[in-house]
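Please open the structure in your viewer and keep the selection panel at hand. The tour proceeds from one selection to the next and states what is found at each stop.

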Amino acid sequence: MGSVAEALREAPAALQRWRRDPVVVQTLRSTAAATISYVVALWLSSEPAPLTAPLTALLVVQVTLYATLTTSLRRVNAVVVGVLIAIAFSVLVGLTWWSLALVILASLVVGRFVRVEEFVPEVAISAMLVLGVTQVATTAWDRVLETLIGAVVGLLFNVVLVPPVWVDTAGESIGDLARRMRLLLLDVGEQLTAPAPVERVVARLHEARRLDNDIADVDAALRQAEDSLRLNPRVKEGFLHRIVLRTGLDTLEICAVVVRVLTRTLTDLAKRRQGEVLFPRETGLALEETVQHLADTLVSFAVLVTSPSTGGSAAAEARLGAELEAAATARHRAAGLLWEQAQADPGLWHLYGAMLAEIDRVLDELDPDHRGRRLMEELDRHAREQRARRHRIRSFARPGGRS
């Protein structure tokens, strides 16, 4: 009985998670759009089973409105091109083994030129299906009609029922990435004041390398969020949201690379120490404090770039500034102790210097002023692209076209 009551208490939270899950949303929306398009096609098409319409709806109803629109255009383009190729071949040669080969070859080649991207095989499929029937013209235009029905229903489905904005999901992914990097750095910090077997230090290096996979997952979530902001009537400042999140992920990606290099430096030092303590106690404590503050700055930075409100951003920026200042102070003290250590063992100075340089690089990347410059550079680049695009449109609109 207790387990049932607990399940009922957790049901609302589970339902909320399902509503935010892209897989669940995609499944429900695609099913509904495909069913509606099939019913509409039964009314308008002469085919007894117009399955092309629901098939098209399944392909074009993506999680975001922008993806739905672009996919619809490519899908319809692919089907129309395939139908036209089939009509041309049916008039000239009809269906034989060699004409079928020519149809497939022509469809795949033409599909590359009309830029239907992932729907290149659809050009050949449409051409073969139309060429293989007796009444070519009727079947051809029924297939085009069904494709248009599926595309239009899918598009209207996302216009009327506006898909969700996936910014929160992308923000959570960025926050999770920053927290994983923080835990890694805390583990690294613990190695600085205790005996460090080479195998343990190498394990941290492998963990740092696995951050590349985490970054790829976050990048996919961010691309979905960027698409959900495009053409979405519920979002007024979609471009600015995209820029803030994208530059934030770029910064964390750079930091992940630097952290990986830092673990590599510590691996080289551990090999030289042969399992002994990497640093004298005072030096190790200063470096551990530096790395701990560095780890906290990563989370504060992630909170800053994903904060939905101006007030939250201001608080996160103040917290990040305090963490950066504490990390810089600890780093300065550690640098002095490392200099003294290098006097006694000059052969390791290049590793000490590399560690300090890597810490400096992370601090510089996370600095709010550096972030502000990155944002301005991205905004300027976007403004230049917009001006260039408007110039090209005006050039084509003028009499004489490109001339």
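Select Arg180 first in this predicted model; with a relative accessibility of 32%, Arg180 counts as partly exposed. Its place is in helix α8. Add Ala208 to the selection: this residue is 28 residues from Arg180 along the chain, and the two C-alpha atoms are separated by 9.7 Å.

Which residue forms a salt bridge with Arg180? Select Asp214, whose closest approach to Arg180 between N and O atoms is 3.2 Å. This pair links distant parts of the chain, for Asp214 belongs to helix α10 (residues 211-229) and Arg180 to helix α8 (residues 167-190), with their positions 34 residues apart.

**Further along helix α8**

Proceed to Arg182 and display its side chain together with that of Asp296. The two meet in a salt bridge, at 2.9 Å from N to O. Here, too, distant parts of the chain are linked: Asp296 is in helix α12 (residues 281-306), Arg182 is in helix α8, and they are 114 residues apart. As for accessibility, Arg182 is partly exposed at 28%, and Asp296 is also partly exposed, with a relative accessible area of 23%.

**From helix α12 to helix α13**

Now select Glu289 and Arg333. They form a salt bridge in which the closest N and O atoms are 2.8 Å apart. Because Glu289 lies in helix α12 and Arg333 in helix α13 (residues 310-344), the pair ties together parts of the chain that are 44 residues apart in sequence. Glu289 has a relative accessible area of 31% and is partly exposed; Arg333 is likewise partly exposed, at 40%.

Side chains of opposite charge can pair when their charged atoms come close. How many salt bridges are counted in this model? The count comes to eleven, and the pairs visited above are among them, including Asp214 with Arg180.

**The nonpolar surface patch**

Switch to a surface representation and select Leu92, Val93, Trp97, Trp98, Leu102, Leu105, Val109 and Phe113. Together these residues make a nonpolar surface patch of about 930 Å². Which helix supplies the largest share of the patch? Helix α5 (residues 97-113) does, with six residues. Leu102 is a suitable residue on which to centre the view: its place is in helix α5, and it counts as partly exposed at 38% relative accessibility. Leu102 can belong to the patch because its accessibility of 38% passes the required value of over 30%.

**The positive surface patch**

Next, select Arg384, Arg387, Arg389 and Arg390, which form a positive surface patch. Centre on Arg387, found in helix α15 (residues 368-397). Is Arg387 buried or partly exposed? With a relative accessible area of 47%, Arg387 is partly exposed.

**The whole chain**

Finally, clear the selection and view the complete chain as a cartoon. Its secondary structure comes to 15 helices and zero strands. Of the 403 residues in the chain, 43% are buried. The accessible surface comes to about 21,000 Å², and carbon and sulfur atoms account for 61% of that area. Among contacts with a separation of 6 or more, 77% are between residues 24 or more positions apart. The pair of Asp296 and Arg182, 114 residues apart, is one to revisit with this view in place.

Conventions: Residues are numbered from 1 along each chain as its sequence is written. This is a predicted model: local features need pLDDT of at least 70, side-chain atom pairs count only at pLDDT 80 or more; totals for chains, interfaces and linings use all residues. Side-chain values use heavy atoms; hydrogens and water are left out. Patches are made of residues with over 30% relative accessible area and no salt bridge: like charges are joined within 9 Å, nonpolar side chains (Val, Leu, Ile, Met, Phe, Trp, Tyr) within 5 Å. Accessible areas come from the Shrake-Rupley method with a 1.4 Å probe; for residues, only the protein chains shown count as cover. A salt bridge is a side-chain nitrogen of Lys or Arg within 4 Å of a carboxyl oxygen of Asp or Glu. Lys and Arg count as positive and Asp and Glu as negative; His and the chain ends are not counted. The place of a charge is taken as NZ of Lys, CZ of Arg, CG of Asp or CD of Glu. Helices (H or I, at least four residues) and strands (E, at least two) are DSSP runs, numbered from the N terminus. Buried means under 20% relative accessible area, exposed over 50%, partly exposed in between (1.4 Å probe, protein chains only). Contact means heavy atoms within 4.5 Å.
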